[in-house]
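Colleague: Could you take me through one part of this model in some detail? I would like to look closely at the place where the ligand sits, and then at what lies around it.

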Amino acid sequence: GEKMYILGIETSCDETSISVLKDGKEILSNIISSQIDIHKEYGGVVPEIASRHHIKNISYILDEALEKAKIKIKDIDYIAVTYAPGLIGALLVGISFAKGLSYSHNIPIIPVHHIKGHIYASFLEYDIRAPFISLVVSGGHTNIVYIDENHKFYNIGSTLDDAVGESYDKVARVLNLGYPGGPIIDKMAKLGKNVISIPEPKVEGYDFSFSGIKTSVINYVNKMNMKKEEFSKEDLATSFQKKVVDILCKKVIVAAKEKKVNQIIIAGGVAANSELRSELTNRAKKENINVFYPSLKLCTDNAAMIAAAGYYKLKYQNDIFADLNLNGIASLNI
Ligand code: KG4
Ligand code: ZN
């Protein structure tokens with residue numbers, strides 16, 4: 001039959017990305033322009049600077065995405081754009097750009113929740129059938145989400161304070177390791193020993209808390225500095241990461257068993273974490289649960305995952321199109 005082409009647009013944080021996706025599965029292009037080197041100097045993303053760079057880059061990214069996909073804008077069937085959650089100014093750049101294209105080329109807009117995009121990233125690389133459980137772990141989010149056979153989303157657990165990625169970034173900052181901290185700590189953790197005790201947070205059910213873990217790491221660093229004692233950053237990285245990964249694995253496996261599903265999808269930037277990938281895969285295997293996670297380039301923010309989420313919204317939901325009144329929402333539950 002007819003081919004379906006979806007243009008994905010993602011500008012919720014510090015990546016400007018546009019993708020062309022064919023029939024919900026085949027990535028014809030997925031251009032990602034990262035501002036990470038710009039924000040590095042400030043130790044984190046500066047919202048105003050992020051918006052300005054999105055504006056400067058977005059039309060070039062579109063040209064590149066269409067050229068690489070060998071397609072003309074008039075042949076695009078739908079535009080899927082991230083409208084929430086994220087930095088409001090950054091979101092509005094993508095949304096306004098999508099509206100302009102929609103208006104001038106008569107293409108319907110599918111608004112996409114950024115976190116659903118992260119979850120559908122795995123659908124680009126594996127044949128997955130709902131229901132499943134997703135462990136969402138990014139710089140801004142930590143959730144356990146149940147997705148039923150009709151692709152309805154139920155958030156069954158959230159962090160009560162810091163997100164996992166956020167705590168990685170804060171620990172890295174205390175250790176003067178640079179930004180973003182996740183990949184750096186992940187690497188260092190391979191070199192140390194799990195010898196520094198970090199207390200387990202007491203949180204019921206599927207909710208999480210990471211601020212106590214972060215604080216105990218910070219207190220340890222301050223104590224050692226005050227006593228002018230040497231300590232191993234590697235051991236601290238290992239102990240911190242082991243504790244975080246252990247908590248994530250335990251909770252998500254219990255959730256999968258309770259919901260009687262045998263598939264877990266790890267989603268979000270922290271899905272790139274090597275220990276989380278291997279540890280969850282091993283522990284889940286003992287319970288006959290399969291674990292899926294995207295390849296590294298699809299773990300962090302990109303527009304192909306947004307286009308994929310748009311495709312499944314089209315397939316499973318009604319009344320999905322946005323008009324030109326579409327607005328960005330900084331904070332929105334899944
Ligand atoms: O999903 P993402 O690209 O942006 C958000 O939507 O938040 O996630 C970025 C987060 C950062 O906090 C970064 O430190 C973390 O993902 N991250 C990692 C790893 N790679 C990225 N955390 C732990 N281990 C990693 N290998
Ligand atoms: Zn993200």
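Modeller: Happy to, and let me start a little way off, in the loop between helix 3 (88-105) and strand 5 (109-113), where Asn106 lies. This is a predicted model, and in it Asn106 has a positive phi of about 60°, although the residue is not a glycine.

Helix 3, on one side of that loop, pairs with helix 2 (residues 47-69): their axes come within 8 Å and cross at roughly 20°. An angle under 35 degrees counts as roughly parallel, and helix 2 and helix 3 are therefore roughly parallel to each other. Their crossing is right-handed. On the helix 2 side, the contact is made by Pro47, Glu48, Ala50, Ser51, His54, Ile55 and Ile58, which meet Gly89, Ala90, Val93, Gly94 and Phe97 of helix 3. Sorted by class, this contact has 7 nonpolar, 4 polar and 1 charged residues.

Now to the ligand itself. The domain assignment of the protein chain gives domain 1 (5-120 + 299-316) and domain 2 (129-293). Both domains give residues to the shell around ligand 1, so the ligand lies between them. That shell holds 19 residues, and the closest are Ser138, Gly139, Gly165, Gly182 and Gly269. Two elements give two or more residues to the shell, namely helix 5 (164-174) and helix 6 (181-189). Helix 6 gives the most, with 4 residues. By class, the shell around ligand 1 divides into 6 nonpolar, 10 polar and 3 charged residues.

Between helix 5 and helix 6 there is a loop, and Pro180 is found in it. The peptide bond from Tyr179 to Pro180 is cis, with omega near -10°. Another cis peptide bond joins Ala130 and Pro131, where omega is about 10°. Pro131 has its place in the loop between helix 4 and strand 6 (132-137).

Helix 4 also brings us to the way the two domains meet. The centres of domain 1 and domain 2, taken over C-alpha atoms, are separated by 27 Å. Across the boundary, 11 residues of domain 1 are in contact with 16 residues of domain 2. On the domain 1 side, helix 4 (114-120) and helix 11 (303-316) each supply at least two residues. Helix 4 gives the most to that side, with 4 residues. The residues of domain 1 that touch domain 2 divide into 5 nonpolar, 4 polar and 2 charged.

To round off the tour, have a look at another helix pair, helix 7 (residues 211-226) and helix 8 (residues 233-258). Their axes come within 11 Å and cross at roughly 165°. Angles over 145 degrees count as roughly antiparallel, and that makes helix 7 roughly antiparallel to helix 8. Helix 7 passes helix 8 in a right-handed crossing. In this contact, Ile213, Val217 and Tyr220 of helix 7 meet Leu236, Phe240, Lys243 and Val244 of helix 8. Its residues divide into 6 nonpolar, no polar and 1 charged.

So, back to the place you asked about: ligand 1 lies between domain 1 and domain 2, because both give residues to its shell. If you want a spot to begin with on your screen, try helix 6, which gives 4 residues to that shell, and then the closest residues, Gly182 being one of them.

Terms used. Residues are numbered from 1 along each chain as its sequence is written. Chains are lettered from A and ligands numbered from 1 in the order in which they are written. This is a predicted model: local features need pLDDT of at least 70, side-chain atom pairs count only at pLDDT 80 or more; totals for chains, interfaces and linings use all residues. A residue is near a molecule or strand if its C-beta atom, placed from the backbone, lies within 6 Å of it. Ala, Val, Leu, Ile, Met, Phe, Trp, Tyr, Cys and Pro count as nonpolar, Asp, Glu, Lys and Arg as charged, and the others, Gly among them, as polar. Domain bounds come from an automatic or database domain assignment. Axes are lines fitted to C-alpha atoms, for helices over the stretch in contact, and angles run from 0 to 180 degrees between N-to-C directions. Angles under 35 degrees count as roughly parallel, over 145 as roughly antiparallel, 65 to 115 as roughly perpendicular and the rest as oblique. A crossing is left-handed if the near helix is turned anticlockwise from the far one by less than a right angle, and right-handed if clockwise. Two residues are in contact if their C-beta atoms, placed from the backbone, lie within 7 Å.
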